Amino acid sequence: ENVVEPSNIKYPPIPVEDLEIGQKYAGIVSTLRDFGAFVDIGAEIEGLLPVLNVATERVENIEDYLQEGQDIEVWITNIRDDGKL
């Protein structure tokens, strides 16, 4: 029997034009890089959480603070003209 779990259901992504600066979103860390973390908030594109915004102190190793697959709350602070968050 083929069972579909709720976590496997794909909903239509949130269009970038519907995102609001200052709005809080629940997301999942999808990829870690030295410069920050990419976060999936269910939008058409992933947002970048810059390493400077991960903690109030200097972050030497982002993996000390975040892991891929981690649930996280983020706020939209900027939407660039090219659609990047």
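## A walk through four strands

The protein chain here has zero helices and four strands. Keep in mind as you look around that this is a predicted model. Follow the chain along its sequence and you'll read the pattern β-β-β-β. The chain has 85 residues, and 28% of them count as buried.

Let's start in the middle, with strands E2 and E3. E2 covers residues 36–40, and E3 covers residues 47–50. The two pair up in the antiparallel sense, with four bridges between them. If you'd like one bridge to find on screen, go to valine 39: its partner in E3 is glycine 47. E2 and E3 form a hairpin with six residues between the strands. In that hairpin, take a look at glycine 42, which has a positive phi near 90°.

Now slide along E3 and watch where the side chains go, because they alternate. Gly47 and Leu49 point to one face and are buried. Leu48 and Pro50 point to the other face and are not buried. So Gly47, the residue that bridges to valine 39, sits on the buried face of its strand.

Next up is the other pair of strands. E1 runs over residues 24–33 and pairs with E4 in the antiparallel sense, this time over five bridges. Here a handy bridge to look for joins alanine 26 to its partner in E4, glutamate 73. E4 itself spans residues 71–75, and its side chains alternate too. On one face you'll find Ile72 and Val74, both buried. Asp71, Glu73 and Trp75 point to the other face and are not buried.

Glutamate 73 deserves a second look. Besides being the bridge partner of alanine 26, glutamate 73 forms a salt bridge with lysine 24, with the closest N and O atoms 3.5 Å apart. Glutamate 73 lies in strand E4 and lysine 24 in strand E1, so this pair ties together parts that are 49 residues apart in sequence. How exposed are the two partners? Glutamate 73 is partly exposed, at a relative accessible area of 49%, and lysine 24 is partly exposed as well, at 39%.

Why would such side chains meet at all? Side chains of opposite charge can pair when their charged atoms come close. A search of the whole structure turns up three salt bridges, and the one just described is among them. Another brings together glutamate 60 and arginine 58, at 3.0 Å from N to O. Glutamate 60 is exposed, with a relative accessible area of 66%, and arginine 58 also counts as exposed, at 69%. Then there's aspartate 82 with arginine 80, whose closest N and O atoms are 2.7 Å apart. Aspartate 82 is partly exposed at 48% relative accessible area, and arginine 80 is partly exposed at 42%.

One last stop takes us to the surface. Which residues gather in a patch of negative charge there? They are Glu17, Asp18, Glu20 and Glu44. To find one of them, head for aspartate 18, which is in the segment before E1. Aspartate 18 is partly exposed, with a relative accessible area of 47%.

Key:
Residues are numbered from 1 along each chain as its sequence is written. This is a predicted model: local features need pLDDT of at least 70, side-chain atom pairs count only at pLDDT 80 or more; totals for chains, interfaces and linings use all residues. Side-chain values use heavy atoms; hydrogens and water are left out. Buried means under 20% relative accessible area, exposed over 50%, partly exposed in between (1.4 Å probe, protein chains only). Two strands pair if DSSP finds at least two bridges between them. Patches are made of residues with over 30% relative accessible area and no salt bridge: like charges are joined within 9 Å, nonpolar side chains (Val, Leu, Ile, Met, Phe, Trp, Tyr) within 5 Å. Accessible areas come from the Shrake-Rupley method with a 1.4 Å probe; for residues, only the protein chains shown count as cover. A salt bridge is a side-chain nitrogen of Lys or Arg within 4 Å of a carboxyl oxygen of Asp or Glu. Lys and Arg count as positive and Asp and Glu as negative; His and the chain ends are not counted. The place of a charge is taken as NZ of Lys, CZ of Arg, CG of Asp or CD of Glu.
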